Amino acid sequence: MSLRSIPSNPGRGTGPTKVLPRAAALALIALLSPTPQAQQESEVQEQVEVGRVIVDVRVIDRHARPIVDLETRDFTVKVDGQPVRVESVEWISGANPLLEDLPPGEVRWMEDDRVEGFPSRLIVLFFQRHTLPSRMVGLMVMLKRAREFVENLGPDDRVAILTFDTHLRLFSDFTDDREALAEMIRRKIVPYRPPPLPEPGPFPSLAANFDHDAAKRAASPEEALLITAQALAPLKGSKTLLYIGWGMGVYQGGAVQMRPEYGPARRALLDARVSVFPMDVTRADYHTLEGPLIKVARDTGGYYMKTYYSSYFAMDSVSSIITGRYELVFEKPDLPPEQHVIRVKLTPEARQRLVSEKR
């Protein structure tokens, strides 16, 4: 059994317990003898500066299916190796931001009991283009899977589309128009026929905060992720980014390294509560640039998938994983205001129970 803890995203309130911003973690725990793709381990490093901490956790089995019946007693949390008491655990379906966190200009969403109109999930489709056949063929396959994905989304889900090749470009603001999204994926990505830059739509809008000039100057996928995260930051709550592409980083001196922009991009993704799910389109069992894709998934609480083996399995797995998450709340230990390591695991009893139930 392999357990994974992924670095943190900002916290917020939940239920009667107030969890103030700027201190939370997002973890993904893979259970029950996961596949090699799930062997992605990381320590959590984050500033713990508030009275209570919220940790977003996804728990999945070896088939990448979420496990949804866990309770407070099933989790253990340690900060710098010291156990802390988990106060509450709640399963959250989708990624609905808390209405209490909305800025004044968006309070209209709370008027007249219109909570049902609030988006269930905010999902970004990020397509990394390349003309190399080993990458283009896989991208073409995943364009079809992406169309099927948007066609089967819930009525309250919102999706935005971005592309990156020599620079970053916003194709579509967040929308629930599944037909328009599918048509754009079908006809605009390959061959490259960019639509006019979208005007900012109603809340929630990615275009409202998107820096088009900076996007034109973005020369690396790391920088593109930084710009995307900065545009997503004003939108409260968790977001999901499906990175449908072929790699990141640069190969130098016999090793692959992240570009310098990755550090700020990682921090911005965590601040914006964005989980990145890389879906590797390269037609190969292994390639040098997949390591950085695994890293960005591990660092943001996402999940790396190869599409070479089965594009259906890859998209189906990610679709399943993002259906929901757990929110764990624990009291901040008495520690100085600096970086601390947060580890989230299932208790031995919980793991044994889950293994027994799967037999």
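The second largest pocket of this predicted model is lined by Arg121, Arg145, Glu148, Phe149, Asn152, Leu153, Gly154, Tyr312, Met315, Asp316 and Ser319. Two elements give two or more residues to that lining: helix H1 (133–151) and helix H7 (311–321). H7 supplies the largest share, four residues. By class, the lining has four nonpolar, three polar and four charged residues. The volume of this pocket is about 180 Å³.

Next, the interior. The largest nonpolar core has 38 residues, and Phe126 and Leu168 touch the most other members. Helix H4 (residues 221–232) gives the largest share of this core, seven residues. Leu168 has a long list of partners. Beyond its neighbours within four places in sequence, Leu168 is in contact with Phe126, Leu162, Thr163, Phe210, Ala215, Lys216, Ala218, Ala224, Ile227 and Thr228. A second, separate core holds 37 residues, including Leu28, Ile185, Trp246 and Tyr303. In soluble globular proteins, nonpolar side chains tend to be buried together.

Now strand E13 (residues 274–280). Seven of its seven residues are buried. Val274, Val276, Pro278 and Asp280 point one way from E13. Ser275, Phe277 and Met279 point the other way. In a regular strand the side chains alternate between the two faces of the sheet.

Which strands pair with E13? Strand E10 (residues 239–245) does so in the parallel sense, and strand E14 (residues 305–306) also runs parallel to E13. The table sets out both pairings.

| Partner of E13 | Bridges | Residues opposite each other |
|---|---|---|
| E10 (residues 239–245) | seven bridges, parallel | Lys239 and Val274 |
| E14 (residues 305–306) | two bridges, parallel | Met305 and Met279 |

Helix H5 (residues 262–271) comes last. Its buried residues are Tyr262, Ala265, Ala268, Leu269 and Leu270. What covers them? The cover includes H4, E13 and helix H6 (290–300). H4 thus appears twice in this picture: H4 gives seven residues to the largest nonpolar core, and H4 is also among the elements over the buried residues of H5. E13 belongs to that cover as well, and E13 is itself mostly covered. An α-helix has 3.6 residues a turn, so residues three or four places apart point the same way. Just after H5, Arg273 takes a positive phi of about 60°.

How values were computed: Residues numbered from 1 in each chain as written. Predicted model: local features only at pLDDT ≥ 70, side-chain atom pairs only at ≥ 80, totals over all residues. Heavy atoms only, no water. Core = buried A, V, L, I, M, F, W, Y, C linked by side-chain atoms within 4.5 Å. Buried < 20%, exposed > 50% of the residue type's maximum accessible area, 1.4 Å probe, protein only. Contact = heavy atoms within 4.5 Å. 1 Å grid on protein atoms, 1.4 Å probe; cavity = no way out; pocket = protein on both sides within 12 Å on 5 of 7 lines; lining within 4 Å. Points joined across faces, edges and corners; volume = space filled by probe spheres on them. Nonpolar A, V, L, I, M, F, W, Y, C, P; charged D, E, K, R; others polar. Pairing = 2+ DSSP bridges.
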